Amino acid sequence: MKGVVKLKTEVVSQEKNVIVFKAEIDTEQVNSAIEKTYKNLSMRSNIKGFRKGHVPRKAIDLYFSKKDIYAEAMENIIPDVIEKIVEDYDLKLIAEPNIKPSGIEAGKPLNIEVTFEVTPEVVLPELESVEAEKTIYVPTEKMLEDNIMRLLDTHSELVPTYEEREITKDDYVSVKYSSSIIEKDGSIKTVEDGEKTEIDLGHEDMRPELREAIVGKRPGDTAVAEFLVEDDMENKEIAGKKMRYDIEILGIMNRKVPDLTDETVTEITQSRHKTVDEFKAAIMEQLNAAAERESNESLKNSAVSKICDLAEVEIPESLIKSQKDSIRALQAERIKRESGLTFDEFLEKSGMDKDSYETELDTAARQIVKRSLVLEAIAEANDIEWTQDELNAEIQRIAITSRIDPKRFRDYVYNDRERLFEIAEKIRNRKTMDFIITKVKFAEVAEKDQEETAEKAAD
């Protein structure tokens, strides 16, 4: 049964964003659905003495209960009923509908009560009346020097220092190590043996167990680190296993950063720039472009924030709960990855009050959901949509940025409806924000003035 057309519907009740419908499927369609179910069972059933597709109804009734047959017929009807109601009433759902069918029976119509939770109504302000702020960012000489130092640092080399002191959490160290898997039965399987490498203990992704094992040691000392590897680790050999690292500290290293000279500039830019002055001018041009993008982003964020403050909408608790669950899951995943702790262990160790955390989480979730609803309402009111070309271009951009084969990534995205919808919605939101800043009024504010205003608000 595909595409229910003979459907009587009526709205039973509507409260806020919850609408209850009553639908009646006529007898002819009920009988058709039941007949189709018998045919499907005839095709699927292996019943001795009958070929598939030629099993009579009486034989099917002997092997399957009426309850199961009618339940399958119901499953075939209901998706089309839901689709029909959603299409006829142009509903935008935010949750799966709650379905209460009456009993299905041959020769009788089927009545279904369906409760939909839909996108709530958003009362928007006149965009032209909104007064936003655009913070003007201006690159400084210090920013220029910092960027140059970072670029030079990427072309630095590690050299031994021959220092005989205790290692700190910010040091680079040269080590020789062996790694092994410790199985649950206590047996040990060697993974690497006698490998040499340099370790940046201050790197944000450094495992805390390794850092703690090495800090405080001296060159010539040995250390042992053990930890559980995450279940989702790409290397399936060690995923979910307990790892042991036996480490010998060979020495403390320093990064030797090259001096800023014309020769250095020519080398690190592959002759695109040949003098220090050319190099500095190119970096400043990039900083100015980045500052302009940041200024435009500040305007977008200010405009959306002001619109959200002025907009009126009753946010459904279901959306808030869903957003809170999403934030909590992402935070738990990050904490597990960075510290190896569970979320509750992290809260306890950090001394964070659970009630305070939940309050902050609720506030954050409400802001995110309201922002999403407001952008959706603006897009709907102004017919803002993404195009196929824009979607393909965005998929191409993500693939190139992530250094993934564009064709393989495109195939992957088009086979993952959630990922495809996520990318499409980001495009639509971006277009909506671009539209917003063409409508609102705004004043330019210097970065320093903005910081002073924020400090006063904090006081």
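Helix α11 and residue L260

Me: How do you know that the length of helix α11 (residues 388-401) agrees with what its 14 residues should span?
Reply: The expected span of a helix is 1.5 Å times one less than its number of residues. For α11 that should be 20 Å, and its end C-alpha atoms are 20 Å apart, so the two agree. Helices here are DSSP runs of H or I with at least four residues, strands are runs of E with at least two, and both are numbered from the N terminus. This is a predicted model, in which local features need pLDDT of at least 70, side-chain atom pairs count only at pLDDT 80 or more, and totals for chains, interfaces and linings use all residues. Residues are numbered from 1 along each chain as its sequence is written, and side-chain values use heavy atoms, with hydrogens and water left out.

Me: What makes the buried residues of α11 line one face of the helix?
Reply: L391, E394, I395, I398 and A399 are buried. Seen down the axis, the buried residues fall within an arc of 135°, so they line one face; the arc is that of the directions from the helix axis to the C-beta atoms. They pack against α12 (406-414) and α13 (417-436). On the other side, D389, I400 and T401 are exposed.

Me: Why is L260 called partly exposed?
Reply: Buried means under 20% relative accessible area, exposed over 50%, and partly exposed in between (1.4 Å probe, protein chains only). L260 has 28%, so L260 is partly exposed.

Me: Where does L260 lie?
Reply: L260 is in the loop between β10 (242-256) and α6 (262-268).

Terms used:
Contact means heavy atoms within 4.5 Å.
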